[in-house]
Amino acid sequence: MRLFHVLAPLCAATMMFAASGTFLNKNAPLYAEASEGSALGELIIASEVKELSQKGSFSEVEFVGFVPEGSSVVYEKAGMLIIGFEASNPGALKVLGKKTDEYGSVWINVSVKGFVKSDALNSDKNKVLADGKTLFQAKCSTCHALHPETEFDANVWPSILEAMGAQAGLSKPEKQSIEKYLQNYK
């Protein structure tokens, strides 16, 4: 019985660690090999990946998401415009299945494996999103009062940021960081 009291918390902690994800703390190229060669595409900030192994300063990761038919943009969830990966080589996407959303749109469930620089990974999604919040508060309040984070849903924020991003002088990574924060705001 004593052994159970000692091992149970350890097993629970191990399962919690294993179940926790790894997230991109910045946009990062995904390479086919553990070197900075030709990129398969770009993983987007705050996207969750499964870390498979490490090789030097690179980590092998897998991203799983959904792509609309005929697109090279992979979203985190079917029917949600939360970008996870932009494929420059759509042939690197492995088809896992298909899903039809409530509007009749077909989403292809795909995975992609490759290597990212290990310093692009973070186990604390809240920390990554906090950076987007800081940018949102700093950049979006210079011209007008901030919109409440709950004012729009995850599928509306991208078009608002697309329209306002140029006026606010946002770089693509800054826009995507703010977008991910607003799309994940709870």
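**Exercises on a predicted model**

The accessible surface of the protein, in this predicted model, comes to about 10500 Å², of which carbon and sulfur atoms hold 57%.

**Exercise 1.** State how many helices and strands the protein has, and in what order they run.

Solution. Step one: the secondary structure consists of 4 helices and 10 strands. Step two: from the N terminus on, the order is α-β-β-β-β-β-β-β-β-β-β-α-α-α.

**Exercise 2.** Find what share of the 186 residues is buried, and what share of the contacts with a separation of 6 or more links residues 24 or more positions apart.

Solution. Step one: buried means under 20% relative accessible area, and 37% of the 186 residues are buried. Step two: residues 24 or more positions apart account for 57% of the contacts with a separation of 6 or more.

**Exercise 3.** Compare the span of helix α2 (residues 125-139) with the expected value, and determine how its buried residues are arranged around the axis.

Solution. Step one: α2 has 15 residues and spans 21 Å from first to last C-alpha, close to the 21 Å expected at 1.5 Å a residue. Step two: the buried residues in α2 are Val128, Leu129, Gly132 and Phe136. These cover an arc of only 90 degrees around the axis, which puts them on the same side of α2. Step three: the general rule is that an α-helix has 3.6 residues a turn, so residues three or four places apart point the same way.

**Exercise 4.** Identify what covers the buried residues of α2, what its opposite face carries, and which residue caps its N-terminal end.

Solution. Step one: the cover includes β1 (22-24), β10 (121-122) and α4 (172-183). Step two: the face turned away from the buried side carries the exposed residues Asn126 and Thr134. Step three: the N-terminal cap is Asp124, with a side-chain oxygen 3.1 Å from the backbone nitrogen of Asn126.

Note on methods
Residues numbered from 1 in each chain as written. Predicted model: local features only at pLDDT ≥ 70, side-chain atom pairs only at ≥ 80, totals over all residues. Heavy atoms only, no water. Helix = DSSP H or I, 4+ residues; strand = E, 2+ residues; numbered from the N terminus. Buried < 20%, exposed > 50% of the residue type's maximum accessible area, 1.4 Å probe, protein only. Contact = heavy atoms within 4.5 Å. Areas by Shrake-Rupley, 256 points an atom, 1.4 Å probe, with all protein chains shown as cover. Expected span 1.5 Å × (residues − 1). Arc of directions from axis to C-beta. Polar contact = N/O pair within 3.5 Å; in protein donor to acceptor, adjacent residues only side chain to side chain.
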